[in-house]
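This report looks at how some of the strands in one protein model are arranged. Please keep the sequence and the structure at hand while reading.

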Amino acid sequence: MSGTFYVIGTPIGNLEDITLRQLDTLGSVDFICAEDTRVTLKLLNRFEIKKPLVSFHEHSSKADAQKIIDRLLAGESCGIVTDAGMPCISDPGEVLVKMCVESGIDIKVVPGPSAVVSAVAVSGLSTRRFTFEGFLPVPKKERSERLEKLRGETAVMVFYEAPHKLKTTLDDLTEAFGGDRRISLCRELTKIHEEVLRLTLSEAVEYYNNNEPRGEFVLVLEGAKDGAGEEITIEQAMAQVNKLIEMGEKPTDACKAVAKETGFRKSELYAMLR
């Protein structure tokens with residue numbers, strides 16, 4: 001009979017958020033899969049838990065995954081954790097869950113803190129619907145395509161971002177969605193320097209041009225109004241651009257102003273002027 005695969009949430013920053021069930025499960029499994037064994041070892045040491053650790057991360061091979069599955073099929077129990085929060089969500093552990101399903105291995109969840117849900121809860125934006133987008137693609141073409149698909153999204157959108165990439169991402173979001181769109185920037189949630197800034201995109205760009213980003217961010221972006229992007233055609237938007245240019249506006253300024261009002265991207269409008 002195969003063992004059980006436990007998906008175990010862990011604190012996203014404050015170790016006091018650990019639950020009794022998480023501690024009990026970590027202490028009872030045969031071994032633990034960790035994204036970074038050094039990070040997990042600190043957690044285990046804090047609560048005096050001694051268990052064998054197996055590293056499983058984004059660079060792990062299919063053979064590495066199969067070794068874990070083989071141990072489960074042989075009857076061992078395993079708990080998987082990530083560096084912080086719920087594993088297997090935008091996380092390498094997703095591969096193991098799929099393989100467990102395919103192999104008929106029992107999977108149980110031991111829920112814990114989630115940066116996504118926590119950020120949405122304190123965002124001050126509508127929480128009725130939200131979509132988790134994780135990290136945006138790095139290549140410019142793929143990033144632009146992803147943002148274009150999201151331009152008419154009416155649900156709140158949640159993104160992860162690292163501090164050294166935040167300014168670029170805010171610029172890209174502003175170009176895609178306009179500077180008036182509201183955003184909550186949640187930084188270092190549950191930690192000593194926890195901070196939530198509730199601004200418009202243009203205000204966020206200005207703020208971080210004057211303040212260096214620090215810590216990991218969860219960005220909660222307001223969705224489009226129902227029907228946004230459908231009320232005006234690209235041809236009508238270009239007519240507005242041309243009218244502003246005739247009135248003496250620079251082409252780039254005219255495109256920026258119309259993009260802000262219509263939801264079309266500035267680069268999209270500017271390209272049609274050529």
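Which residues of strand 2 are buried on its two faces? The model is predicted, and in it strand 2 (residues 31–34) is covered on both faces. Phe-31 and Cys-33 are buried on one side, Ile-32 and Ala-34 on the other. In a regular strand, side chains alternate between the two faces of the sheet.

Strand 2 has parallel pairings with strand 4 (residues 78–81) and with strand 3 (residues 53–55). Ile-32 has Gly-79 in strand 4 as its bridge partner, while Cys-33 is matched with Val-54 in strand 3. Strand 2 and strand 3 also belong to a right-handed β-α-β unit, together with helix 2 (residues 37–46).

The table lists these pairings with one from another part of the model.

| Strands | Sense | Bridges |
|---|---|---|
| Strand 2 and strand 4 | parallel | 4 bridges |
| Strand 2 and strand 3 | parallel | 3 bridges |
| Strand 7 and strand 10 | antiparallel | 5 bridges |

An open sheet of 5 strands follows the order 6-7-10-8-9, and its pairing is mixed. Strand 6 (130–134) and strand 9 (195–200) are at the edges with a single partner strand each, so each has one side without a neighbour in the sheet. From one strand to the next, the twist averages 20°.

Within this sheet, strand 7 (residues 156–161) runs antiparallel to strand 10 (residues 217–221), and Glu-161 lies opposite Phe-217 of strand 10. Helix 8 (residues 201–210) packs on the sheet and touches strand 8 (182–187), strand 9 and strand 10. The direction of helix 8 makes about 125° with that of strand 9.

How values were computed. Residues numbered from 1 in each chain as written. Predicted model: local features only at pLDDT ≥ 70, side-chain atom pairs only at ≥ 80, totals over all residues. Heavy atoms only, no water. Buried < 20%, exposed > 50% of the residue type's maximum accessible area, 1.4 Å probe, protein only. Pairing = 2+ DSSP bridges. Right-handed = clockwise from strand over helix to strand, strands pointing away. Axes fitted to C-alpha atoms, helices over the stretch in contact; angles between N-to-C directions. Contact = heavy atoms within 4.5 Å.
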